[in-house]
Amino acid sequence: MKKAIYPGSFDPITFGHLDIIQRSSKVFDEVVIGILNNSAKNSLFSVEERLEMTKMLTRQYDNVTVDSFDGLLVDYAKSIDANIIIRGLRAVTDFEYEIQIAQTNKVEYPEIETIFMTTALNYSYLSSTIVREFASYGGDISRFVPEEIIPIIQAKYNA
C-alpha cells in the first residue's frame, strides 16, 4: 500500500494545494494532509481552523485524510506508516530548498521517498503568502482560494 503524506502549513489552503491533493489522490492509495503545527511560525489561522478548512475542501476524496502534527516530519511519517512525502514545486527555487530537505529526510528515515509534483501552470505563482497579502488589503482572492473559505479569510482582516 502506498501511503503518502502531503505536509504543509496551509495558511490558508489554496487552489495550488488543492491541485496537488487532487492529483495525489489519483496516484496513491492513501494521502494524509499533514498540517504543521509550528509554534515558532506566526500563522494567520490556528491549527484547528486550518484543519477545518482543509477537511471541508477535501471531503470528496475517499482516500484523503487531514491531520496535524508538530515536530519532525519524518517522525510523523513513521508514526502513521507513510512511506512517501509529497512536495509541490512552483519554480526552480523551490527545488533547491526542497531537495535539501528530501535528502535530510532520507538520511533520517531511509524508507521514505519524496515525490515532487510540479504545480499546474495556472497556479505556479500562487502561495498562501500571496493570499494573505491580497486579503490584508481587501483584494479579490477568488482566483486564489475556493469561495467557501473566502469569508473565513476576510473575517481575519475585518475583525
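**Figure 1. Accessible surface of the predicted protein chain.** The accessible surface comes to about 8700 Å² (Shrake-Rupley method, 1.4 Å probe). Carbon and sulfur atoms hold 51% of that surface. Of the 159 residues, 46% are buried (under 20% relative accessible area, 1.4 Å probe, protein chains only). The model is predicted: local features need pLDDT of at least 70, side-chain atom pairs count only at pLDDT 80 or more, and totals for chains, interfaces and linings use all residues. Residues are numbered from 1 along each chain as its sequence is written, and side-chain values use heavy atoms, without hydrogens and water.

**Figure 2. Order of helices and strands in the protein chain.** The chain has 6 helices and 5 strands (DSSP runs: H or I of at least four residues for helices, E of at least two for strands, numbered from the N terminus). Along the sequence they follow the pattern β-α-β-α-β-α-β-α-β-α-α. The C-alpha trace spans about 45 × 30 × 30 Å along its principal axes.

**Figure 3. The largest pocket.** This pocket holds about 1100 Å³ of space. A pocket is an open set of points on a 1 Å grid over the protein atoms alone, where a 1.4 Å probe fits, with protein on both sides within 12 Å along at least five of seven lines; lining residues have an atom within 4 Å of a point. Of the 37 lining residues, Pro7, Gly8, Ser9, Arg87 and Glu98 are the closest to the pocket centre.

**Figure 4. Elements that line the largest pocket.** Elements supplying at least two lining residues each include strand S1 (3-8), strand S4 (84-89) and helix H5 (128-136). H4 gives the most, with 7 residues.

Notes
Points joined across faces, edges and corners; volume = space filled by probe spheres on them. Buried < 20%, exposed > 50% of the residue type's maximum accessible area, 1.4 Å probe, protein only.
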